[in-house]
Amino acid sequence: MTQPIFLIGPRGCGKTTVGHELARLCGCECIDTDRWLQTHAQKSIAEIVEQEGWESFRARETAALEAVTAVSGVIATGGGIILAPYNRQFMREKGTVIYLSAPVPVLVERLVAFPEEGQRPTLTGKPISEEVSEVLAERDALYREAAHHVVDASLSPSEVVQNIATALRLACVS
Ligand SMILES: Nc1ncnc2c1ncn2[C@@H]1O[C@H](COP(=O)(O)OP(=O)(O)O)[C@@H](O)[C@H]1O
Ligand SMILES: O=C(O)C1=C[C@@H](OP(=O)(O)O)[C@@H](O)[C@H](O)C1
Ligand SMILES: [Mg+2]
């Protein structure tokens, strides 16, 4: 693989989970921008947001995206990476962008089961179901604008990986 594959989509669509499985299949590395920036900041996302605010987190996120893109492989991004036009253009130019799309109830079910509050501080202050629905409505068009391929992420992780592999193969032969 010569170019990175960027996985984008809302919280809970499986970017981190699927990213690692896809990387295993491709025999390459998976880097998660959230993991990278938390390691470099020596604090959790919740701590960064509480101490520095969302704007600072977003700046750190863009720096993480640029830093990890030097390495080809699978890049699992955070759900808000597409908010910045710069990030959308950067990913489209540097590699192949896959939108892992899933309906609100699927996302809510996963996030309720595995909230990981240190990594996912509230975005709106609203209850989870309302938040997921509201945020997806705001961002869905941005995910689609940034993506080269849209993949159904409501399936099992291995099925999602297979569908990504199929989309990439089809793109190679077309
Ligand atoms: N395709 C899937 N099917 C079922 N559960 C999943 C799937 N993808 C992820 N999960 C679960 O949902 C939770 C959130 O997944 P994660 O990979 O952290 O999502 P993201 O990085 O997109 O926020 C995890 O606990 C994971 O085990
Ligand atoms: O949707 C968002 O704005 C965010 C999603 C999180 O990543 P995941 O999508 O991996 O949960 C993390 O980057 C941060 O809490 C902000
Ligand atoms: Mg993640």
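Q: Where is Glu116 placed in this predicted model?
A: Start with the elements on either side of a residue. Glu116 sits in the loop between helix H6 (104-113) and H7.

Q: Is Glu116 buried, partly exposed or exposed?
A: Relative accessible area decides this; partly exposed covers values from 20% to 50%. Glu116 has a relative accessible area of 44%, so it is partly exposed.

Q: What can the backbone angle phi of Glu116 show?
A: Look at the sign, then at the residue type. Glu116 is not a glycine, yet its phi is positive, about 40°.

Q: Which phi value does Gln42 have, and where is Gln42 placed?
A: Read it in the same two steps. Gln42 is not a glycine either, and its phi is positive at about 60°. Its place is the loop between helix H2 (33-41) and helix H3 (45-52).

Q: Is Gln42 buried or exposed?
A: Exposed means over 50% relative accessible area. Gln42 reaches 69%, so it counts as exposed.

Q: Now a loop glycine. Where does Gly12 lie, and is Gly12 buried or exposed?
A: Take place first, then accessibility. Gly12 is in the loop between strand E1 (5-8) and H1. Its relative accessible area is 14%; buried means under 20%, so Gly12 is buried.

Q: Which residues does Gly12 contact, beyond its neighbours within four places in sequence?
A: Leaving out sequence neighbours shows what the fold brings together. For Gly12 the contacts are Leu107, Arg110, Leu111 and Arg120. A C-alpha distance gives another view. Gly12 and Val132 are 120 residues apart in sequence, with 9.6 Å between their C-alpha atoms.

Q: Which residues are the closest to ligand 1?
A: Begin with the shell, then look at single atom pairs. The shell of ligand 1 has 15 residues, and the closest are Gly12, Lys15, Thr16, Thr17 and Leu155. Helix H1 (residues 15-26) supplies the largest share of that shell, 3 residues.

Q: Which atoms of Gly12, Lys15 and Pro157 lie by ligand 1?
A: Check whether the protein atom is in the backbone or the side chain. Gly12 places a backbone N or O atom 2.9 Å from an oxygen atom of ligand 1. Lys15 has a side-chain N or O atom 2.8 Å from an oxygen atom of ligand 1. For Pro157, a backbone N or O atom is 3.4 Å from a nitrogen atom of the ligand.

Q: How much of ligand 1 does the protein bury?
A: Compare the ligand alone with the ligand in place. Alone, ligand 1 exposes 560 Å², and the protein buries 81% of that. The space that ligand 1 takes is the largest pocket.

Q: Which residues are the closest to ligand 2?
A: Use the same order: shell, then atoms. Here 15 residues surround the ligand, and the closest are Lys15, Arg58, Gln119, Arg120 and Arg139. Helix H4 (residues 54-68) gives the most to this shell, with 3 residues. Ligand 2 also sits in the largest pocket.

Q: Which atoms of Asp34, Gly80 and Arg139 lie by oxygen atoms of ligand 2, and how much of the ligand is covered?
A: Atom pairs come before area. A side-chain N or O atom of Asp34 is 2.9 Å from an oxygen atom of ligand 2. Gly80 has a backbone N or O atom 3.5 Å from a ligand oxygen. A polar side-chain atom of Arg139 is 2.7 Å from an oxygen atom of ligand 2. On its own, ligand 2 has 390 Å² of accessible area, and the protein covers 99% of it.

Q: Helix H5 holds Arg88 and Glu93. Which is buried and which is exposed?
A: One helix can hold both kinds, so read each residue's value. Arg88 is buried, at 11% relative accessible area. Glu93 is exposed, at 55%.

Q: What do the side chain of Glu93 and the contacts of Arg88 show?
A: Name the partners. The Glu93 side chain makes a polar contact with the side chain of Gln89, at 2.9 Å. Beyond neighbours within four places in sequence, Arg88 contacts Ile82, Leu83, Leu142, Glu145 and Ala146.

Q: Where is Thr96, and is Thr96 buried or exposed?
A: Place, then accessibility, once more. Thr96 is in strand E4 (residues 96-101). Its relative accessibility is 18%, so Thr96 counts as buried. Among its contacts outside the four-place window are Phe6, His148 and Leu168.

Terms used. Residues numbered from 1 in each chain as written. Chains lettered and ligands numbered in written order. Predicted model: local features only at pLDDT ≥ 70, side-chain atom pairs only at ≥ 80, totals over all residues. Heavy atoms only, no water. Helix = DSSP H or I, 4+ residues; strand = E, 2+ residues; numbered from the N terminus. Buried < 20%, exposed > 50% of the residue type's maximum accessible area, 1.4 Å probe, protein only. Contact = heavy atoms within 4.5 Å. Polar contact = N/O pair within 3.5 Å; in protein donor to acceptor, adjacent residues only side chain to side chain. Near = heavy atom within 4 Å. Areas by Shrake-Rupley, 256 points an atom, 1.4 Å probe, with all protein chains shown as cover. 1 Å grid on protein atoms, 1.4 Å probe; cavity = no way out; pocket = protein on both sides within 12 Å on 5 of 7 lines; lining within 4 Å. Sits in = over half its atoms within 2 Å of the grid points.
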